[in-house]
Amino acid sequence: MLLHPTIDPVALQLGPLAIHWYGLTYLAAFALFMGLAQLRLRQAPYAHLFAQGLWSKQDIEDLLFYGVVGVVLGGRMGYCLFYKPVYYAAHPLEVFAVWQGGMSFHGGMLGVISAMAVFAWQRQRAWFLVTDFIAPCVPTGLAAGRVGNFINGELWGRAADPFLPWAMAFPQSGSLVPRHPSQVYQFLGEGLLLFVVMWLYARKPRAVGAVSGVFLIGYGSLRFMAEYFREPDAHLGLLALGLSMGQWLCVPMVVLGLIIWWRAVRHRTNS
């Protein structure tokens, strides 16, 4: 059994300024998005639109800004609504206490989708053309976030066989029970594997909306599987059918992804 290497969450202290590892992973996610988006702009159909002046490098910076606003607002609101609705209904002002922690990926995703809708409306572009553009650039950011979770020793996994070579004890959990390092599983699945799949799929011309659909299917499926190894939220436990809240939130995500992908492909075939 391995022991989680307790790491100081502060990466660098400059007088009163503390730079946290988690903040650095966010910066890494933003940098990766910028770099990948530059490459994405060279792929079809965006290379043609870029050559016509309909897309520009400034759009990438704007997309990042809209995305950051969407993920922060959506992530916080999603956590409050999906995971602790009763508590925050009784303490509404604490919704704004983001320094206390509490973010939801699914809420952040809804926030980003809404932000991209605003961006598309302002620029008079097809919404799915925008989401298709950013989808392959997102998984590396998710991977960076899981690195931050591991460094902080949070979102640990369920109890594992102590003879599992990579079983790990997380003192932050309050015990030395060997657990699955679920943050690593999610880093490899929702991060690296999903990135490879998305990048290879999106590098060829696809029907508008197809790339977005594949992202929803891919992330929802990989997250659903990873949840079997991740410790459920203590205040929620397992819900109906023995599934966690994260898994239940992934079900409509996968269904919606299948519908979007199927409609996109069928529309292109009929055209």
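What follows is a chat about a predicted model.

Visitor: Let's start with the sheet. What order do the strands come in, and is it open or closed?

Guide: The sheet is open, with three strands in the order 1-4-5 and mixed pairing. Strand 1 (2–3) and strand 5 (178–179) are the edge strands, each pairing on one side only.

Visitor: How many bridges join strand 4 to strand 5, and do they run parallel or antiparallel?

Guide: Two bridges, and the strands run antiparallel; strand 4 covers residues 168–169.

Visitor: And which residue does Met168 stand opposite?

Guide: Met168 faces Arg179 in strand 5.

Visitor: On to helices. At what angle do helix 5 and helix 10 pack?

Guide: The angle is about 30°, and the axes are 10 Å apart. Helix 5 spans residues 105–123 and helix 10 spans residues 245–270.

Visitor: Which residues make the contact?

Guide: Helix 5 brings Phe105, His106 and Met109, while helix 10 brings Gly246, Leu249, Cys250 and Met253. By class that contact has five nonpolar residues, two polar and no charged ones.

Visitor: Cys250 caught my eye. How many disulfides does the whole structure have?

Guide: Zero, in a search of the whole structure. Cys80 is in no disulfide, and its nearest cysteine sulfur is that of Cys250, 19 Å away.

Visitor: Why is there no bond from Cys250?

Guide: Because the closest cysteine sulfur, in Cys80, is 19 Å from the sulfur of Cys250, which is too far for a bond. The cut-off for a disulfide is sulfur atoms within 2.5 Å.

Visitor: Are those two cysteines buried or exposed?

Guide: Cys80 counts as buried at 3% relative accessibility, and Cys250 counts as buried at 1%.

Visitor: New topic: aromatics. How many pairs are there?

Guide: The count comes to 17 aromatic pairs. Among them is Phe224 with Tyr228: the ring centres are 5.8 Å apart and the planes sit at 80°, so the pair is edge-to-face.

Visitor: Where do Phe224 and Tyr228 fall, buried or exposed?

Guide: In between. Phe224 is partly exposed at 23% relative accessibility, and Tyr228 is partly exposed too, with a relative accessible area of 42%.

Visitor: Which residues do ring pairs link into a cluster?

Guide: Tyr79, Tyr83, Tyr87 and Tyr88 are linked that way.

Visitor: Last one. Where's Pro45?

Guide: Pro45 is in the loop between helix 1 (21–40) and helix 2 (46–51). Pro45 is partly exposed, with a relative accessible area of 38%.

Visitor: How far is Pro45 from Lys204?

Guide: Their C-alpha atoms are separated by 9.0 Å, though the two residues are 159 residues apart along the chain.

How values were computed
Residues are numbered from 1 along each chain as its sequence is written. This is a predicted model: local features need pLDDT of at least 70, side-chain atom pairs count only at pLDDT 80 or more; totals for chains, interfaces and linings use all residues. Side-chain values use heavy atoms; hydrogens and water are left out. Two strands pair if DSSP finds at least two bridges between them. Helices (H or I, at least four residues) and strands (E, at least two) are DSSP runs, numbered from the N terminus. Buried means under 20% relative accessible area, exposed over 50%, partly exposed in between (1.4 Å probe, protein chains only). Axes are lines fitted to C-alpha atoms, for helices over the stretch in contact, and angles run from 0 to 180 degrees between N-to-C directions. Contact means heavy atoms within 4.5 Å. Ala, Val, Leu, Ile, Met, Phe, Trp, Tyr, Cys and Pro count as nonpolar, Asp, Glu, Lys and Arg as charged, and the others, Gly among them, as polar. Rings of Phe, Tyr and Trp (its six-membered ring) pair if their centres lie within 6.5 Å; planes under 30 degrees apart count as stacked, over 60 as edge-to-face and the rest as tilted.
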